[in-house]
Amino acid sequence: MDTFINKLSIKEKLGYGLGDTASNIVFQMVANFMLIFYTDVYGLSAAAAGTLLLSVRLFDGFTDPIMGGIADRTRTRWGSYRPYILFLAVPYGVLACLAFITPDFDSTGKLIYAYVTYGLLMTCYTAINIPYGALGGVMASDPKERTSLQSFRFAMAMAALVVIVWAIPRLVEYFGQGDDAVGYPLAMIFMGSLAAVCFLLCFAMTKETLTNETDKHERSTQSIFKDFFQLFKNDQWLVIAIISLATLILIGIRASVAPHYIKYYIGDEELLSNFLTLAAVGSVLGAISTNFLSKFIEKKILFQVALVVVIISHSLFYVIDSDQIALIFVTYFIANFAHMIITPIMFSMVADTVDYGVEKIGKRLTAITFSGHLLAIKFGFAIGGALAGWILSAYDYIPNEVQTEHTLSGILLAFAGIPIICTVVCLVVISKYRLTELEVKKIQLNLAEVK
């Protein structure tokens with residue numbers, strides 16, 4: 001048993017966390033600023049922007065399982081998953097910059113440019129992030145070590161969020177001098193370079209210690225898509241996939257309209273940076289707390305408690321007046337704190353479903369499992385972003401104008417109402433999850449005995 005469970009060093013956990021710092025520099029830019037960039041700077045309608053955010057992610061339905069299958073079949077001196085982090089780090093940073101350029105085209109040309117650059121960015125995100133996610137599944141086997149690794153990961157991911165939401169408005173203003181079309185791409189040159197460096201450090205500070213024992217002949221003949229569809233025989237993976245879909249709808253819609261909520265519902269755009277920064281600090285503290293709390297509380301129970309807190313905190317936005325700024329800030333802080341307890345646990349559960357899948361379907365599909373999970377995340381995030389645009393359009397949103405009460409009610413629905421519904425769904429579905437820490441260890445022992 002001692003040889004089966006490996007303990008990770010702080011260096012390895014920090015190195016792995018830097019990968020999600022890099023991922024979240026782009027992810028949080030897209031989540032928090034892409035919609036308002038497209039509507040208020042780039043010049044797309046809210047409906048067109050929402051459709052764009054969804055359409056590009058539908059393409060991931062093909063690229064994600066393909067990338068997962070390719071990564072699982074990769075064998076190099078650096079391992080199966082780390083090479084992609086090494087070779088795609090720089091293209092990832094470059095594409096992040098290109099997606100925030102406003103070209104001097106007509107409306108059709110600008111829409112095409114937006115589709116192409118956002119599509120390429122998300123394809124590169126897939127190609128680097130699926131191997132990165134799978135890397136966490138082959139660095140440790142112990143459920144508590146996996147939770148600890150993911151808590152480091154998301155603490156550092158949320159550190160990226162703190163940097164993004166604090167720095168981007170200031171960098172855009174500094175570089176653009178009032179012209180956001182100039183400020184955004186210059187700000188992203190800085191952030192894209194930082195993302196590339198973080199990915200390179202992640203490659204250097206991590207290693208793969210568990211190997212995929214899949215037979216070479218099977219790797220060469222087994223269809224990638226057949227591997228992917230076998231995931232659906234893994235009922236515990238399905239539970240986490242549904243939760244991930246609902247959770248990312250929440251994140252996608254709430255993050256997309258948070259700038260609109262502050263700019264129009266609260267009525268003070270100057271508060272946006274502080275609002276998002278305080279929420280990001282709450283997320284960092286939530287991720288750090290997960291590492292501590294999971295040592296004393298079984299992760300499923302901790303997950304359920306955090307979901308209840310998320311529901312309560314979002315419900316409060318319907319009873320807090322728009323001029324109660326301090327209370328709004330505190331409530332959003334609590335919502336993000338609780339939500340970031342949920343996220344690392346969710347990702348550690350994905351790694352546990354890989355072990356369960358070996359017992360259930362007879363093969364270890366690490367990257368395919370994480371690609372399926374990332375696909376659920378991307379679809380959820382895309383649906384959330386699209387819903388944000390569609391709801392704004394349905395409630396007669398007009399950029400850079402004083403909004404009507406009808407429009408403000410739509411902004412509140414997107415910011416708080418839909419997240420409540422998503423979290424209730426998660427609370428119902430998590431009751432079907434049965435891979436406790438003790439159960440995962442039993443599965444791992446059984447697999448070790450078979451070997």
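Is Phe 37 buried or exposed, and which of the two is Tyr 42? In this predicted model, Phe 37 is buried, and Tyr 42 is buried as well. For Phe 37 the relative accessibility is 0%, so this residue falls under the 20% limit for buried residues. Tyr 38 also has a relative accessibility of 0% and therefore counts as buried.

These residues take part in ring pairs. A pair of aromatic rings is described by how far apart the centres are and by the angle of the planes. The structure holds 27 aromatic pairs. In one of them, the ring centres of Phe 37 and Tyr 38 lie 5.8 Å apart with the planes at 45 degrees, so the pair is tilted. Phe 37 also pairs with Tyr 42: the centres are 5.8 Å apart and the planes stand at 50 degrees, so this pair is tilted too.

Further along the chain, ring pairs join Tyr 261, Tyr 265, Phe 275, Phe 317, Phe 329, Tyr 332 and Phe 415 into a cluster. Tyr 261 and Phe 275 appear again where helix 9 meets helix 10.

Helix 9 spans residues 235–266 and helix 10 spans residues 272–293. Two packed helices are described by the angle and the distance between their axes. Here the angle is about 135 degrees and the axes are 10 Å apart. Angles from 115 to 145 degrees count as oblique, and helix 9 and helix 10 are therefore oblique to each other. Their crossing is right-handed.

On the helix 9 side, Ala 258, Pro 259, Tyr 261 and Ile 262 make the contact, meeting Leu 272, Phe 275 and Leu 276 of helix 10. The residues of this contact comprise seven nonpolar, no polar and no charged.

How values were computed:
Residues numbered from 1 in each chain as written. Predicted model: local features only at pLDDT ≥ 70, side-chain atom pairs only at ≥ 80, totals over all residues. Heavy atoms only, no water. Axes fitted to C-alpha atoms, helices over the stretch in contact; angles between N-to-C directions. Helix = DSSP H or I, 4+ residues; strand = E, 2+ residues; numbered from the N terminus. Parallel < 35°, antiparallel > 145°, perpendicular 65-115°, else oblique. Left-handed = near helix turned anticlockwise from the far one by under 90°. Contact = heavy atoms within 4.5 Å. Nonpolar A, V, L, I, M, F, W, Y, C, P; charged D, E, K, R; others polar. Phe/Tyr/Trp six-rings, centres within 6.5 Å; stacked < 30°, edge-to-face > 60°. Buried < 20%, exposed > 50% of the residue type's maximum accessible area, 1.4 Å probe, protein only.
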